[in-house]
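Colleague: I'd like to learn how to read a model like this one. Could you walk me through it, feature by feature?

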Amino acid sequence: MLVYAIRRVLMLVPVFLAVSVIIFLILHLLPGDPIDNLLKIGAPVEQRAEMMARYGLDRPLPVQYAIWLGKLLTGDLGTAIVARRPVADLIGQALPHSLALGGLALLFSSVVGIMLGFVAALNRDRFLDRAIMGGVLLGSTLPSFWLGLLLILAFSVQLGWFPVSGARSWSSLVLPVLTIGLGGTALVARITRVSMIDIASRDFVMLLHAKGLSPLRIQLLHVLRHALIPVVTIMALRIGWILGGAVTVEVVFARPGLGTLLIKALSQHDYPVVQASLLMLAMAVMFGTLLGDLLQAAMDPRVRGALA
């Protein structure tokens with residue numbers, strides 16, 4: 001298992017380098033730069049050239065990338081050009097809010113999705129099965145920003161149960177967690193249902209029925225346990241996508257997270273902040289992929305033997 005884990009980690013190294021190059025190039029090839037937000041309108045050309053040289057923006061892009069990557073590998077995320085603060089401090093303030101939102105959304109979608117998928121599998125091709133699958137499918141098709149606005153209108157403006165925005169208390173997390181979690185609930189429920197139906201048709205399940213075990217006990221202790229292998233993999237893969245999806249949701253609910261920091265930095269073309277924020281989101285996706293592979297290998301030795 002250790003050899004398998006090391007191999008999977010090493011496979012992420014070229015992916016990390018490729019992602020860093022893409023992030024750097026796309027950002028620097030976009031029109032505009034952070035100097036526009038530091039100079040007054042009509043500032044002389046000499047002042048602009050001095051500012052470009054001060055922040056190293058007058059150097060060729062390969063040199064700028066090499067310097068950024070070298071600092072990055074030593075743990076130095078640089079200093080924000082517009083905010084004039086260490087990028088690590090800005091991300092350190094924003095990341096806990098995003099992790100709390102993403103973690104609770106992942107927990108909600110996992111627990112509720114597995115429960116709905118379990119109930120749907122037990123009632124296969126019945127009304128309850130169709131109702132659950134239809135409901136989760138509808139929830140997964142709604143855009144997150146639009147769903148967030150609907151939840152604000154219903155539960156904040158009309159009923160006054162939860163805050164409209166901000167992050168002053170845990171109650172302010174309820175609506176953002178629901179907004180992000182509902183889409184993941186649909187995916188987890190469908191995977192759970194399909195996997196349970198497949199496992200229920202295996203020979204060992206028929207043998208358990210022949211031994212006289214109760215159907216509910218067979219479904220809970222045997223079918224669900226084996227069916228959770230692909231579900232766990234999907235949940236691990238959703239770690240990065242949930243943090244990425246939190247970007248728009250944080251803006252809708254005005255939460256001080258990584259998404260709000262990223263949007264503000266993008267509007268200012270603050271290269272160090274945008275690069276670090278996008279790299280954090282990309283690393284979350286890579287971490288989720290690695291975690292999903294390791295969990296699947298730990299739960300199913302056949303996968304580890306095939307890929308080792």
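Modeller: Gladly. Let's start with one residue: Leu73 counts as exposed, at 61% relative accessibility. The cut-offs are these: buried means under 20% relative accessible area, exposed over 50%, and partly exposed in between, with a 1.4 Å probe and protein chains only. Leu73 is found in helix H3. Its C-alpha lies 45 Å from that of Phe155, and the two are 82 residues apart in sequence.

Colleague: Before we go on, what sort of model is this, and how are the residues numbered?

Modeller: This is a predicted model, in which local features need pLDDT of at least 70, side-chain atom pairs count only at pLDDT 80 or more, and totals for chains, interfaces and linings use all residues. Residues are numbered from 1 along each chain as its sequence is written, and side-chain values use heavy atoms, with hydrogens and water left out.

Colleague: In which helix of the chain is confidence lowest, and in which is it highest?

Modeller: pLDDT is the predictor's confidence in each residue, from 0 to 100. Where pLDDT is low, the predicted coordinates should not be read in detail. Here the chain has a mean pLDDT of 80, and 93% of its residues reach 70 or more. Confidence is lowest in helix H12 (residues 301–307), with a mean of 54, and highest in H3, at 87.

Colleague: How many helices and strands does the chain have?

Modeller: Both are DSSP runs numbered from the N terminus: helices are H or I with at least four residues, strands are E with at least two. The chain has 12 helices and 0 strands. Its C-alpha trace spans about 85 × 55 × 30 Å along the principal axes. Of the 308 residues in the chain, 39% are buried.

Colleague: What share of the contacts comes from residues far along the sequence, 24 or more positions apart?

Modeller: Contact means heavy atoms within 4.5 Å. Among contacts in the chain with a separation of 6 or more, 74% join residues 24 or more positions apart. For a single case, take Ser110 in helix H4. Not counting residues up to four places away in sequence, Ser110 touches Val188 and Met235.

Colleague: Why is Ser110 put in the buried class?

Modeller: Ser110 is buried because its relative accessible area is 9%. Helix H4 also holds Ser98, which is buried with a relative accessible area of 3%. The C-alpha atoms of Ser98 and Gly257 are separated by 5.0 Å, although their positions lie 159 residues apart along the chain.

Colleague: And what about Val232 and Val285: where are they?

Modeller: Val232 sits in helix H9 (residues 215–252) and counts as buried, at 16% relative accessibility. Val285 is in helix H11 and counts as partly exposed, at 23%. The C-alpha atoms of Val285 and Gly102 are 13 Å apart, with 183 residues separating the two along the chain.

Colleague: Where does Asp125 lie, and what is its phi?

Modeller: Asp125 lies in the loop between H4 and H5. Its phi is positive, about 65°, although Asp125 is not a glycine. Asp125 is partly exposed, with a relative accessible area of 47%. The loop between helix H4 (87–122) and helix H5 (127–141) also contains Asn123, which counts as buried at 17% relative accessibility. Leaving aside neighbours within four places in sequence, Asn123 is in contact with Leu128 and Asp129.

Colleague: Now pockets. What is the volume of the largest pocket, and which residues lie nearest its centre?

Modeller: Rolling a probe the size of a water molecule over the atoms shows where empty space is left. On a 1 Å grid over the protein atoms alone, using a 1.4 Å probe, a pocket is an open set of points with protein on both sides within 12 Å along at least five of seven lines, and lining residues have an atom within 4 Å of a point. A volume is the space filled by probe spheres set on the points, which are joined across faces, edges and corners. The largest pocket has a volume of about 450 Å³. Its lining has 20 residues, of which Tyr55, Ile67, Trp68, Lys71 and Pro272 lie nearest the centre.

Colleague: Which helix gives the most to that lining?

Modeller: H3 does, with 4 residues. Helix H1 (2–29), helix H3 (61–73) and helix H11 (271–299) each supply at least two.
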